[in-house]
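Biologist: Please take a close look at one part of this model, and set it in the context of the whole chain. I would like to know what lies around it and what it touches.

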Amino acid sequence: SAQSSRSKVNVSPQNEESESESSSFGEIKVEDISLEEMVYPEDEVREHDLLSDTERTEIVNDLYGSTDNSNPFLTAMSEALRAFDEVLNRVDASKKLALVQAQSKCPGLVGKKEKEMFLRWADFDAKQAVTRLIVYWNMRHHLFGENAFFPLTFDRLGEKDKVTYQAGIWKILPQRDEHGRAIIWDDPSRRDPAIHKADSEARCLWYIVHNALEDVSVQEKGFVFLADLRNVKILKNFDRNTHKMFWGSLNEWIPLNIRAVHFIRPPPFADVLLPVIKFLMGRRLRQRMRFHSGTNVDVLRSLSSYGIPESILPIERELI
């Protein structure tokens, strides 16, 4: 299962929508993501102890690329689409304003192909898929304004966004890992918060991820997140708002499955920041997080054990 908190398949629409379910369709605001809470090692130990056997198996499968992406209900896409439309139609228009605009202004961006992408993300749970679609469009409109109603192409990025993109903070590596998963590469040492603002970075991230999601196999197999932390400087490269937007995009807004998170050579001050970052990552991703330190050989061997060979890593900078 791509998301352990979800049932494998649920294409039957519910008869009624509870108040808590209805409120979940509201727009997520970045300022609502609290930084008051942090996650410490003892918290992670407690979380780990509470995992079910199924959850433990899913974590190992995601980390090592042995996740079974097959779904016995894939042949029932038409049934899932009908359930999706039934759930969506029951949501009041006031709860899905950005989506309603999209349906009017750019119906080609909210058609069958897009619905199928959200259903794959949700393991064919129609209600989960609809909820994510509505929140996705709220945030897409928040980030891109009227450009949200056009395909997310490079030309639609603003001039400052293009400067951020060209900094190379985020990229999708040209090759997949040994299990066919796309790799999001992050080099935060290239970030200058004075130039690269959080919203701008988020728009660049959405652009590169959406390009990758055009491939159905990426929708099914998911992504691996790989961060090169060797040259990060806390005062220059760390920005809280950027992390809010980044983890919000991965966890709450875009319909993508992150299978594993790998940090390469975290600096000494990482222990200060990790409780905040782990909180923003959310329970599911921090359980799929691994660190790689030591010599160049040690790091490459460790990454290789998770299906990430040296041959697919960026070659402009050695991992030394």
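**A histidine and the helices around it**

Modeller: Of the 320 residues in the chain, 52% count as buried. The model is predicted, and what follows should be read as a description of that prediction. The chain has 15 helices and 5 strands. Contacts between residues 24 or more positions apart make up 81% of those with a separation of 6 or more. About 14,900 Å² of the chain is exposed, and carbon and sulfur atoms supply 51% of that area.

The part I have picked is His 210, which sits in helix α9. His 210 has a relative accessible area of 12%, and because the cut-off for buried is under 20%, the residue counts as buried. Two polar contacts can be listed for the side chain. One runs to the backbone oxygen of Trp 206, at 2.7 Å. The other joins the His 210 side chain to the side chain of Tyr 136, also at 2.7 Å. Leaving aside residues up to four places away in sequence, His 210 touches Tyr 136, Arg 140, Leu 152 and Ile 254. Tyr 136 therefore appears both as a touching residue and as a polar partner. Thr 153 is 57 residues from His 210 in sequence, yet the two C-alpha atoms are 9.1 Å apart in space.

Helix α9, which holds His 210, also helps to cover another helix. Together with α4 (77-90), α7 (126-144) and α10 (216-221), α9 (198-213) is included in what covers the buried residues of α6. Helix α6 spans residues 112-121 and is mostly covered, with 8 of its 10 residues buried. Those buried residues are Glu 114, Lys 115, Glu 116, Met 117, Phe 118, Leu 119, Arg 120 and Trp 121. After α6 comes Asp 123, which has a positive phi, near 50°.

Helix α7, also part of the cover of α6, packs against α5 (residues 97-105) as well. The two axes are 7 Å apart and the packing angle is about 85°. Since angles from 65 to 115 degrees count as roughly perpendicular, α5 is roughly perpendicular to α7. On the α5 side, the contact is made by Ala 98, Leu 99, Gln 101 and Ala 102; on the α7 side, by Leu 133, Ile 134, Trp 137, Asn 138 and His 141. By type, the residues of this contact comprise 6 nonpolar, 3 polar and no charged.

For a second residue, take Gln 287, in the loop between α14 (283-286) and β5 (289-292). Gln 287 is buried too, with a relative accessible area of 13%. Not counting residues up to four places away in sequence, Gln 287 touches Glu 47, Leu 51 and Ile 59. Leu 63 lies 224 residues from Gln 287 in sequence, with 9.6 Å between their C-alpha atoms.

To return to the chosen part: His 210 is a buried residue in α9, with a side-chain polar contact to Tyr 136.

Key:
Residues numbered from 1 in each chain as written. Predicted model: local features only at pLDDT ≥ 70, side-chain atom pairs only at ≥ 80, totals over all residues. Heavy atoms only, no water. Buried < 20%, exposed > 50% of the residue type's maximum accessible area, 1.4 Å probe, protein only. Helix = DSSP H or I, 4+ residues; strand = E, 2+ residues; numbered from the N terminus. Contact = heavy atoms within 4.5 Å. Axes fitted to C-alpha atoms, helices over the stretch in contact; angles between N-to-C directions. Parallel < 35°, antiparallel > 145°, perpendicular 65-115°, else oblique. Nonpolar A, V, L, I, M, F, W, Y, C, P; charged D, E, K, R; others polar. Polar contact = N/O pair within 3.5 Å; in protein donor to acceptor, adjacent residues only side chain to side chain. Areas by Shrake-Rupley, 256 points an atom, 1.4 Å probe, with all protein chains shown as cover.
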